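Here are some informal notes to read alongside the model. Have the sequence and the 3D view open as you go through the points.

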Amino acid sequence: MDRTEALNLVHEHIENINLRKHIYSVEAVMRKLAEHFNQDIETWGLAGLLHDLDYEETKNDPDNHTFLTIEWLRDKPGITEEINHAIQAHAGHVTRDSEMDKAIYCADPVTGFLVACALMHPSKKLENLDLKFMKKRFKEKRFAAGASRENMAACSELGLELDEFLLLARDGMIDIAGDLGL
């Protein structure tokens, strides 16, 4: 499966524009992390792009989130067990074993956090977010409360300090800032 096919699946299953933007953001962060760790950018990107494929179907049933996705992807060429495992790892349904599992687990919440940061910044632009601004907001528990600080801090499982992770994630999202309107 290539990115175009995966994107078609996203558009087939996800109608909410903000959810689509979240999905694109997780893909962008995963691609940036893959580049940083010298991993397969396309594989990591696919995991990010497909990670919430069943969200609109399972949003009221989080215990089943990702299971429909795995079923839908079962016979798709190019979807490896590694991708499926990472998709399930992001939701906490399986252990985080690989670097990709660990990356997607912390990439998922950081995108919402960074969007909230950009919207609070006077410029409303991702490119203007500096580390000081992000770290100050990170410490504010009520700020972007849905973005799990614990999950983001799990970047340490990748050997990344939080500062470096936030900058990598921001840079990945800057690559698609035009699509995000940020």
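1. Start with the place where helix H1 and helix H2 meet: Arg-3, Leu-7, Val-10 and His-11 on the H1 side are in contact with Arg-20, Ile-23, Tyr-24 and Glu-27 on the H2 side. Keep in mind that this is a predicted model.

2. How do the two helices lie against each other? The axes of H1 (residues 3-13) and H2 come within 11 Å and cross at roughly 155 degrees. Angles over 145 degrees count as roughly antiparallel, so H1 is roughly antiparallel to H2. The crossing of H1 past H2 is right-handed.

3. Next, have a look at helix H10, residues 162-174. Its 13 residues, at 1.5 Å a residue, should span 18 Å, and the C-alpha atoms at its ends are indeed 18 Å apart, so the expected and modelled spans agree.

4. Which residues of H10 are buried? They are Leu-162, Phe-165, Leu-166, Leu-168, Ala-169, Arg-170, Gly-172 and Met-173. Note that Arg-170 is on that list, along with Gly-172. As a reading aid, residues three or four places apart in an α-helix point the same way, because there are 3.6 residues a turn.

5. What covers those buried residues of H10? The cover includes helix H2 (17-36), helix H7 (99-120), helix H8 (131-139), helix H9 (149-153) and helix H11 (177-180). You have already met H2 as the partner of H1, and here H2 turns up again as part of the cover over H10.

6. Now the cysteines. Searching the whole structure turns up zero disulfides. Cys-106 is in no disulfide, and the nearest cysteine sulfur, in Cys-155, is 5.7 Å away. Why is there no bond between Cys-155 and Cys-106? Their sulfurs are 5.7 Å apart, which is too far for a bond, because a disulfide needs the two sulfur atoms within 2.5 Å.

7. Are these two cysteines buried or exposed? Cys-106 is buried, with a relative accessible area of 0%. Cys-155 has 1% relative accessibility and also counts as buried. The cut-off for buried is under 20%.

8. Last, find Asn-84, which sits in helix H6 (residues 81-90). Asn-84 has 10% relative accessibility, so this residue counts as buried. Leaving out residues up to four places away in sequence, Asn-84 touches Ile-70, Leu-73 and Ile-79. How far is Asn-84 from His-51? The two are 33 residues apart along the chain, and their C-alpha atoms are separated by 8.6 Å.

Methods:
Residues are numbered from 1 along each chain as its sequence is written. This is a predicted model: local features need pLDDT of at least 70, side-chain atom pairs count only at pLDDT 80 or more; totals for chains, interfaces and linings use all residues. Side-chain values use heavy atoms; hydrogens and water are left out. Helices (H or I, at least four residues) and strands (E, at least two) are DSSP runs, numbered from the N terminus. The expected span of a helix is 1.5 Å times one less than its number of residues. Buried means under 20% relative accessible area, exposed over 50%, partly exposed in between (1.4 Å probe, protein chains only). Contact means heavy atoms within 4.5 Å. Axes are lines fitted to C-alpha atoms, for helices over the stretch in contact, and angles run from 0 to 180 degrees between N-to-C directions. Angles under 35 degrees count as roughly parallel, over 145 as roughly antiparallel, 65 to 115 as roughly perpendicular and the rest as oblique. A crossing is left-handed if the near helix is turned anticlockwise from the far one by less than a right angle, and right-handed if clockwise.
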